[in-house]
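Student: I would like a close look at a single part of this structure, namely its largest pocket. Which elements line the largest pocket, and how do its lining residues divide by character?

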Amino acid sequence: MKYTQLGRTGLKVSRLVLGTMNFGPQTDEPTSHGILDAALDAGLNFVDTANVYGWGENKGRTEEIIGTWFAQGGGRREKTVLATKVYGSMSGEGEAWPNEDRLSALNIRRAVDASLKRLRTDYIDLYQFHHIDRRTPFEEIWQAVDVLIRQGKVLYAGSSNFPGYKIAQANETAARRGMVGLVSEQCLYNLYERRAEMEVIPAAQEYGLGVIPWSPLHGGLLGGVLRKETEGKRRTEGRAVETLATPTVRAKFQAYEDLLDKHGLEPGEVGLAWLLTRPGVTGPIVGPRTVEQLESALRALELELSDEVLTGLDEIFPGPGPSPEAFAW
């Protein structure tokens, strides 16, 4: 396993992050525990979840599954860098009571205690804000986080889905309070969706945040979806149907798969390996539903992409360019 520092911190984390969003809704508890064990055996120490995972009436279920895994002992908790998130309401649709969501000091206090109980642990390594809260000032948010850090319930704070200017606001406010501030940003970033390169990633680099891309294969589209479709191994559905409905976009994914076929490479592994070459990226989040899918993701760590392949990928999926040149000149 390869490791790196999380942003500007001294925290050492694996270059792949185990995403757990499927635990509960699509992967049962025994299989989820098997994936967690396999990840730990491979040296993958960074596990990401969120209080709302489990979804619908089962919000919190994913954290509970991780908690029962920790409860088995064997150093599982001690070996794991645990990240979870706060923002969404834990109530059912239309049932939310005031102050049961977003980033008020009150909700942060209640949410972290509830997560700790579900996770069966007394601290969270990385507590992430799942979305910006336009109603709550960062002074209040950092006051709440400061209390949690002093109580030993949280070690580091991170963001998710923040625009660049909010990363700047958050960390400038933290600096005025003498706090470390955000140490990571979890954002949508992959070969097809590269808009984060304009402002989010530069802001993260400027403030020393590790970038943790989610949806690294863009919902499976970068995992060889057209080949699987042709071979009858996968039925295109959901967001993929809309994306591939545009002929020019479909042609891009065909060119992507053709390029990798030429070099004898697996699309899913290349999608992850490409992210590992990008400046500022700590490690992409992989969300396996089976141990076999985890093993495929782990192979990306050993994959070295040639200059010819990297150039070809840029030609098929060009980045937007830096800000402001991307939109101003």
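Tutor: What follows describes the largest pocket and then the helix that gives the most to its lining. The model is a predicted one. The largest pocket holds about 1,500 Å³ of space, and 46 residues line it. Nearest its centre lie Asn22, Gly219, Gly220, Gly287 and Arg289. By character, the lining comprises 19 polar, 14 nonpolar and 13 charged residues. Four elements each supply at least two residues of this lining: helix H8 (225-231), helix H11 (267-276), strand E10 (285-286) and helix H12 (291-299).

Of these, H12 contributes the most, with five residues. Helix H12 also has buried residues, namely Leu294, Ala297 and Leu298. These three lie on the same side of H12, because they cover an arc of only 100 degrees around the axis. In general, an α-helix has 3.6 residues a turn, so residues three or four places apart point the same way. The cover over the buried residues of H12 includes strand E3 (17-19), helix H1 (29-41), H11 and E10. Two elements in that cover, H11 and E10, are also among those that supply at least two residues each to the lining of the largest pocket.

For context, the second largest pocket contains about 240 Å³ of space. Its lining is made up of 13 residues, with Cys187, Leu188, Arg195, Ala196 and Val200 closest to its centre. Strand E8 (residues 182-188) provides the largest share of that lining, three residues. The lining of the second largest pocket divides into seven nonpolar, four charged and two polar residues.

Notes:
Residues are numbered from 1 along each chain as its sequence is written. This is a predicted model: local features need pLDDT of at least 70, side-chain atom pairs count only at pLDDT 80 or more; totals for chains, interfaces and linings use all residues. Side-chain values use heavy atoms; hydrogens and water are left out. On a 1 Å grid over the protein atoms alone, a cavity is a set of points where a 1.4 Å probe fits but cannot get out, and a pocket is an open set with protein on both sides within 12 Å along at least five of seven lines; lining residues have an atom within 4 Å of a point. Grid points are joined across faces, edges and corners, and a volume is the space filled by probe spheres set on the points. Ala, Val, Leu, Ile, Met, Phe, Trp, Tyr, Cys and Pro count as nonpolar, Asp, Glu, Lys and Arg as charged, and the others, Gly among them, as polar. Buried means under 20% relative accessible area, exposed over 50%, partly exposed in between (1.4 Å probe, protein chains only). The arc is that of the directions from the helix axis to the C-beta atoms. Contact means heavy atoms within 4.5 Å.
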